[in-house]
Amino acid sequence: MDSSTYILCGGKSSRMETDKALSIYKGETFLSRIIKAVDFLQNKIVLVSSNPKHINLNIECIPDIINDKGPVSGIVTALKNTETDINIILSCDIPLIKNDLVGWFLNQHNTSYDGTVITCNGKHMPLIAIYNKKSLPIFEQHLKNEQLKLMNVLKELHINYIETPSKLAYQTVNINTPEQLKNISL
C-alpha cells in the first residue's frame with residue numbers, strides 16, 4: 001500500500017515545558033522512536049513543523065501552512081504536500097508506538113473511507129490515523145473558517161473508527177507533561 005507518514009510537531013508543548021518531539025524516553029527522542037515505528041513501511045516520512053530545531057534533523061520538514069492553528073492546520077499542510085492517497089498522520093507525543101500497531105492499523109484501512117482513526121477504550125485518537133488525500137477540502141474549509149476542533153472535522157468525513165486490540169493499547173498513550181513522562185519511565 002503506497003503511503004506517506006506525516007508527524008505533527010508544530011505544537012507549543014506548553015504543558016511539557018520543553019519540545020515534546022525532542023523529549024527523551026529510554027535514551028531516545030520521542031521523534032526517533034516514532035520514526036522507528038514507521039521505518040518498516042519504507043515510505044516518505046515528513047515532519048510538519050515551523051520549529052527551527054526540527055529543520056536540522058536530517059528528516060524532511062515542512063512548515064505549517066498557518067501557524068498556531070493546531071492539528072487541523074498540520075493535517076492540511078500534510079495533505080497539500082502529499083503525493084500519496086494514503087497518509088499516516090501521527091502526533092509527536094506518542095513515544096510508545098511501535099511497528100506492530102502501525103502495521104495493524106494500516107491493514108485496517110479501507111480506501112472507501114476518508115480516513116481510519118484508532119480508538120482506545122472508546123476514545124478516538126485522531127492523531128494516530130490515516131487520512132486519504134480526498135479529505136483535504138473538508139480540512140481546508142474548517143481551517144479557513146477557524147473551526148479548529150479536529151473532532152468536528154471528522155464528523156463531516158466518512159471515518160472508519162477501529163478499536164485498538166488490548167495488547168497494543170499502551171502504544172497509543174500521549175505524553176503531554178513531565179509527570180506523564182515520569183510515570184511511563186517507572
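This section describes the pairing and burial of several strands in a predicted model, followed by the surroundings of two single residues.

Strand 1, spanning residues 3–8, pairs with two other strands. Five bridges connect strand 1 to strand 4, and the two run parallel. Within this pairing, Ile 7 of strand 1 is placed opposite Leu 47 of strand 4. Strand 1 is also joined to strand 6 by six bridges, again in the parallel sense. Here Ser 3 has Ile 86 as its bridge partner in strand 6.

Strand 4 comprises residues 44–48, and four of these five residues are buried, so the strand is largely enclosed by the rest of the structure. Besides its pairing with strand 1, strand 4 is linked to strand 5 (residues 60–62) through three bridges, with the two strands running parallel. In that pairing, Val 46 stands opposite Glu 60 of strand 5.

Strand 6 covers residues 86–91 and is mostly covered, with six of its six residues buried. In a regular strand, side chains alternate between the two faces of the sheet. In strand 6 both faces are covered: Ile 86, Ile 88 and Leu 90 are buried on one side, and Asn 87, Ile 89 and Ser 91 are buried on the other. In addition to the parallel pairing with strand 1, strand 6 pairs with strand 8 (residues 123–132) in the antiparallel sense, over five bridges. Leu 90 of strand 6 has Ile 128 as its bridge partner in strand 8.

Asn 132 belongs to strand 8. Its relative accessibility is 4%, under the 20% cut-off, and Asn 132 therefore counts as buried. The side chain of Asn 132 forms a polar contact of 2.8 Å with the side chain of His 109. A polar atom of the Asn 132 side chain also lies 2.5 Å from the backbone oxygen of Tyr 113. When residues up to four places away in sequence are not counted, Asn 132 touches Leu 79, Asp 85, Ile 86, Asn 87, His 109, Thr 111, Tyr 113 and Asp 114. Among these contacts, Ile 86 and Asn 87 are buried residues of strand 6, on opposite sides of that strand.

Gly 70 is located in helix 3, which spans residues 70–81. With a relative accessibility of 41%, which falls between the cut-offs of 20% and 50%, Gly 70 counts as partly exposed. Gly 70 and Leu 150 are separated by 80 residues in sequence, while their C-alpha atoms are 8.7 Å apart in space.

Definitions and conventions: Residues numbered from 1 in each chain as written. Predicted model: local features only at pLDDT ≥ 70, side-chain atom pairs only at ≥ 80, totals over all residues. Heavy atoms only, no water. Buried < 20%, exposed > 50% of the residue type's maximum accessible area, 1.4 Å probe, protein only. Helix = DSSP H or I, 4+ residues; strand = E, 2+ residues; numbered from the N terminus. Pairing = 2+ DSSP bridges. Polar contact = N/O pair within 3.5 Å; in protein donor to acceptor, adjacent residues only side chain to side chain. Contact = heavy atoms within 4.5 Å.
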